[in-house]
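Thanks for making time this morning. I would like to walk you through a handful of local features, and I will give the cut-offs as we go.

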Amino acid sequence: MSNSARPMKSFKSSGLKGEITIPGDKSISHRSIMLGSLAVGRTTVKGLLEGEDVLSTAAAFRAMGATIEKHQDGSWTVDGVGLGGLQEPEDVLDMGNSGTSARLILGIMASHNISACLTGDGSLRKRPMKRVTDPLGTMGAEFHCRSGERLPLYIKGAQDVLPIEYELPMASAQVKSAVLLAGLNARGKTTVIENKPTRDHTERMLTHFGGEIAVEPMENGGNRITVTGQPELTAADLIVPSDPSSSAFPMVAALLTEGSEIQMPNIGLNETRTGLFTTLREMGGEVIIENERIAGGEPVGDITVRSSNLKGIVVPPERAPSMIDEYPVLAVAAAFAEGKTEMRGVEELRVKESDRLSAVVAGLRANGVEVEEGEDWMVVHGTGGKIPGGGMVECFHDHRMAMSFLIMGLVSEQPVTVEDGSPIETSFPIFRDLMTGLGAKIEDA
Ligand code: S3P
């Protein structure tokens, strides 16, 4: 446990009730600052997530010349410098805990004639950057990294970045976005081939800012995505939907606790993000989606969740990219479901904010849940009701570990302690307030 660790504990709760407004989508918030900074003119963003990760992105773009401000009405404005107009930052850029900030910024810097040093916290400094330095190196950027291609690293962007065609070796929206964002400032067309569809917020937002981007569906279910370089990006107003990944925590809490019914309006329903909702419904969860509509170029809807008896299922591996951040909380739901839940094709969980496969397995075992683990899979043996709890869970600087196991403590026989809840600030700063407002018992430990 580090000196600044903030242990938290959750206790058996029931009857969660009420309507909550989930903060803005993290992926869309990052991109709104990034594309706003590259556009000409003033972009206004409503509903920006004010979590530490997004604030790291904002600080980096300020250091490169964009003007980014919060206004009294809660909206944010970004005065862009225009594509190619970023200045060299004077100091090292600290990306904190945020892999999305680091990898997408490297894509943007790769096509700007600037040098910079990037670092991050203890979790981000362990995460692989080769997945972006490889394609961006082919496009002409130079990198010097710490061993294992990790942060801190030094990047020198290409004076004349080369357009490439790149087939993603793994299902990653961050890598896809890094290459597309580098291609944005190349002369010619840059193509990314993704064999499994991943979140498409970069593609949607580029279109919204006047970029030219073509998405051709392929026979294998993937996409061929081509961006035409050097467009005039024009400032555009944005409304950020509520984050479906954050909504997953109160959703699972309401499903598992007795006598609960909660409402969460305006949740992002982009189909590249909603795998968990489908999965929980297949498990028998009452997750009702109403008023589906388009807001700010993204599908959204209002969600009602009621307590339900869940049963274990096999989660299809091809669904993984659309729920990649939701496996920790799904594992908690699976522990209480009747029968076993199989999650396969989840090798990417090993390189998230923590090695989420080992971290989740350890957390489940510490609370008396039977679970099996392989290189790219996990099988949780649900009890169909009671689990002992009472464990102390190590979170490894991972916000989703902390939130998932605090949810577990709301339903286990004994309270669950997470060794450090402070990383929750990165993505969902009001998590605890919202949860206690619904009636959940969560305290500092
Ligand atoms: C993100 C992509 C995903 C996801 C992360 C946010 C994004 O990462 O896990 O939380 O905003 O592009 P990968 O691209 O590594 O799968």
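**Backbone, helix packing and rings**

Let me begin with F396, which is partly exposed because its relative accessible area is 38%; here buried means under 20% relative accessible area, exposed over 50%, and partly exposed in between, with a 1.4 Å probe and protein chains only. Before going further, please keep in mind that this is a predicted model, in which local features need pLDDT of at least 70 and side-chain atom pairs count only at pLDDT 80 or more, while totals for chains, interfaces and linings use all residues. Residues are numbered from 1 along each chain as its sequence is written, and side-chain values use heavy atoms, with hydrogens and water left out.

F396 sits in the loop between β22 (392-393) and α11 (399-409), where helices (H or I, at least four residues) and strands (E, at least two) are DSSP runs numbered from the N terminus. Its phi is near 55 degrees, a positive value in a residue other than glycine. H397 belongs to the loop between β22 and α11 as well, and it has a positive phi of about 60 degrees although it is not a glycine. With a relative accessible area of 37%, H397 is partly exposed. As background, most residues other than glycine have a negative phi, and most peptide bonds are trans. On the second point, the peptide bond from L151 to P152 is cis, with omega near 0 degrees, and P152 lies in strand β9 (residues 150-156).

Now to the helices. At what angle do helix α7 and helix α9 pack? Helix α7 (residues 244-256) and helix α9 (residues 327-336) pack at about 5 degrees, with their axes 10 Å apart; the axes are lines fitted to C-alpha atoms, for helices over the stretch in contact, and angles run from 0 to 180 degrees between N-to-C directions. That makes α7 roughly parallel to α9, given that angles under 35 degrees count as roughly parallel, over 145 as roughly antiparallel, 65 to 115 as roughly perpendicular and the rest as oblique. On the α7 side A248, F249, V252 and L256 meet V329, V332, A333 and F336 of α9, contact meaning heavy atoms within 4.5 Å. The residues of this contact divide into eight nonpolar, no polar and no charged, where Ala, Val, Leu, Ile, Met, Phe, Trp, Tyr, Cys and Pro count as nonpolar, Asp, Glu, Lys and Arg as charged, and the others, Gly among them, as polar.

F249 also takes us to the aromatic pairs, of which the count comes to two; rings of Phe, Tyr and Trp (its six-membered ring) pair if their centres lie within 6.5 Å, and planes under 30 degrees apart count as stacked, over 60 as edge-to-face and the rest as tilted. F249 and F431 form an edge-to-face pair, 6.3 Å centre to centre with 85 degrees between the planes. F249 lies in helix α7 and F431 in helix α12 (residues 431-438), so the pair ties together parts that are 182 residues apart in sequence. F249 counts as buried at 2% relative accessibility, and F431 counts as buried at 0%. F428 and F431 form an edge-to-face pair too, at 5.6 Å centre to centre and 70 degrees between the planes. Ring pairs thus link F249, F428 and F431 into a cluster.
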